[in-house]
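User: I'm new to this one. Can you walk me through it?
Analyst: Sure. Take a look first, then ask away.

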Amino acid sequence: MMHELLSRERVLLALQHKQPDRVPLDFWAVPETWQKITESMRVSDREVILQRLGVDIREVAPDYKGPVMPVFADGSFLEPKGTHRKIVHNQFGSYEEYASFPLSNAQSEEDLAKFNWPQVEWWDIEHLSEKIGDLHTRYYIKIETGGLFELAWALRGYERFLVDLIMSPEIVHGIMSRITDFYCAYIERVLTWSGDKIDMVYTYDDIAGQSNLLISPSMWEEFIKPYHVKLNKVIKNYGKTIMYHSCGAVSPMIERLMELPIDVLNPLQPLAKGMEDIELIKERFGRKISFHGGIDIQYLLPHGTREELMKEAERRIRILGDNGGYILASAHYIQADTPVEQIFALYDFARNFRY
């Protein structure tokens with residue numbers, strides 16, 4: 001019987017497509033869920049919570065030190081990447097939604113050049129290594145870079161950006177290239193200063209909805225792929241693992257996404273069309289890439305029975321985790337309508353399950 005591994009060893013083994021002692025675990029949740037767990041455990045230190053859940057990965061980020069971003073009379077605000085947001089409340093919590101789209105009226109390269117694009121110097125990258133401390137000796141460390149397509153349409157407006165793909169491709173490329181240049185410079189600086197302590201770079205762009213792609217594969221090839229290829233080349237120059245996130249029905253695009261390249265695909269949204277057949281996904285792609293996520297947050301975690309949750313968790317561990325290649329986590333941020341007891345039950349089961 002294999003001895004219990006350090007978290008870092010466990011993740012490394014799984015990503016080498018070898019069987020670890022148990023499935024590695026990751027965790028992400030909305031602030032309200034964090035707060036509920038904090039109150040349930042009567043602790044304020046998130047590290048204590050992550051250790052209690054048995055989480056093997058730690059996400060790090062440099063502190064923001066840039067200009068103070070404006071807050072407007074209606075309570076809306078600009079955030080450092082340039083998007084204009086407002087807090088929208090629902091019965092369980094709140095979300096940052098878009099209040100307007102700052103580049104909606106841009107019509108030329110000159111208009112784009114005038115925009116206050118984010119600067120790498122706004123983040124305290126030089127002290128990130130110090131902030132990480134010795135976490136990397138025990139845990140697998142990941143850092144996030146942004147969505148390129150997602151930030152582009154967040155600045156331009158979703159519908160307007162989709163129209164631009166056909167009517168104003170120069171605007172699309174002008175926005176995408178600037179965003180990509182920022183993230184390339186950002187991650188290069190991060191990995192220069194702290195690369196010995198960082199294992200994985202988490203990239204993302206939602207390119208699908210619940211039942212279909214948001215844009216055609218040919219549009220993706222022309223307007224999105226080249227920019228991820230450029231960003232990923234920087235990341236791979238430092239020898240780092242790349243995890244790519246897209247919600248939705250991405251099954252028809254997995255092979256193309258592998259060309260970016262990517263090492264890990266997240267989140268395998270279980271109820272999206274074509275994503276329920278994990279046997280086929282593992283069979284087709286499981287020798288070349290690993291998987292992260294996979295636990296449904298639309299029904300199973302918030303509303304499923306304990307028996308349903310345990311049964312599905314075991315199924316995903318056995319299929320996706322066969323010969324490694326799987327990190328178990330929720331298929332997106334665990335939402336505020338999820339009972340804390342369900343979260344503990346999932347992580348206790350996965351932490352104690354042996355193949």
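User: Let's start with helices α2 and α3. At what angle do their axes cross?
Analyst: Roughly 80°. Keep in mind that this is a predicted model. The axes of α2 (residues 31-41) and α3 (residues 46-53) come within 11 Å. An angle from 65 to 115 degrees counts as roughly perpendicular, so α2 is roughly perpendicular to α3.

User: Which residues in α2 meet α3?
Analyst: Trp34, Ile37, Thr38 and Met41. On the α3 side they meet Arg46, Val48, Ile49, Leu50 and Arg52. By class, that contact has six nonpolar, one polar and two charged residues.

User: Now α6 and α8. How far apart are their axes?
Analyst: 9 Å. Helix α6 covers residues 148-156, and the two helices pack at an angle of about 125°. That makes α6 oblique to α8.

User: And is the crossing left-handed or right-handed?
Analyst: The crossing of α6 and α8 is right-handed.

User: What does α6 bring to that contact?
Analyst: Leu148, Phe149, Leu151, Ala152, Leu155 and Arg156. They meet Ile171, Ile175, Met176, Ile179, Thr180 and Tyr183 in α8. The contact of α6 with α8 has 10 nonpolar residues, plus one polar and one charged.

User: Switching to charges. How many salt bridges are there?
Analyst: The structure holds 29 salt bridges. One of them pairs aspartate 199 with arginine 8, at 2.7 Å from N to O. That pair links distant parts of the chain, 191 residues apart. Arginine 8 is in helix α1 (residues 7-15). Aspartate 199 sits in the loop between α8 (169-194) and β6 (200-204).

User: Is aspartate 199 buried or exposed?
Analyst: Buried, with a relative accessible area of 11%. The cut-off for buried is under 20%. Its partner arginine 8 is at 23%, so it counts as partly exposed.

User: What does lysine 131 pair with?
Analyst: Aspartate 63, with the closest N and O atoms 2.8 Å apart. Lysine 131 lies in helix α5 (residues 128-132), and aspartate 63 is in the loop between β1 (57-60) and β2 (77-78). So the salt bridge ties together parts that are 68 residues apart in sequence.

User: How accessible are those two, lysine 131 and aspartate 63?
Analyst: Lysine 131 is partly exposed at 48% relative accessibility. Aspartate 63 is partly exposed too, at 42%.

User: What about glutamate 259? Which residue does it meet in a salt bridge?
Analyst: Lysine 225, at 2.7 Å from N to O. The two are 34 residues apart. Glutamate 259 is in the loop between α11 (254-257) and β8 (264-266), while lysine 225 is in helix α10 (residues 225-237). Glutamate 259 is partly exposed at 45% relative accessibility. Lysine 225 counts as buried at 16%.

User: Which residues are linked in a network of salt bridges?
Analyst: Arg10, Asp21, Arg22 and Asp56 are linked that way.

User: Last topic: alanine 272. Where does it lie?
Analyst: Alanine 272 is in the loop between β8 and α12 (278-285). It counts as buried, at 0% relative accessibility.

User: What is alanine 272 in contact with?
Analyst: Leaving aside its neighbours within four places in sequence, Gln210, Gly248 and Ala249. The C-alpha atoms of alanine 272 and alanine 249 are separated by 5.1 Å. Along the chain, those two alanines are 23 residues apart.

Technical notes
Residues are numbered from 1 along each chain as its sequence is written. This is a predicted model: local features need pLDDT of at least 70, side-chain atom pairs count only at pLDDT 80 or more; totals for chains, interfaces and linings use all residues. Side-chain values use heavy atoms; hydrogens and water are left out. A salt bridge is a side-chain nitrogen of Lys or Arg within 4 Å of a carboxyl oxygen of Asp or Glu. Helices (H or I, at least four residues) and strands (E, at least two) are DSSP runs, numbered from the N terminus. Buried means under 20% relative accessible area, exposed over 50%, partly exposed in between (1.4 Å probe, protein chains only). Axes are lines fitted to C-alpha atoms, for helices over the stretch in contact, and angles run from 0 to 180 degrees between N-to-C directions. Angles under 35 degrees count as roughly parallel, over 145 as roughly antiparallel, 65 to 115 as roughly perpendicular and the rest as oblique. A crossing is left-handed if the near helix is turned anticlockwise from the far one by less than a right angle, and right-handed if clockwise. Contact means heavy atoms within 4.5 Å. Ala, Val, Leu, Ile, Met, Phe, Trp, Tyr, Cys and Pro count as nonpolar, Asp, Glu, Lys and Arg as charged, and the others, Gly among them, as polar.
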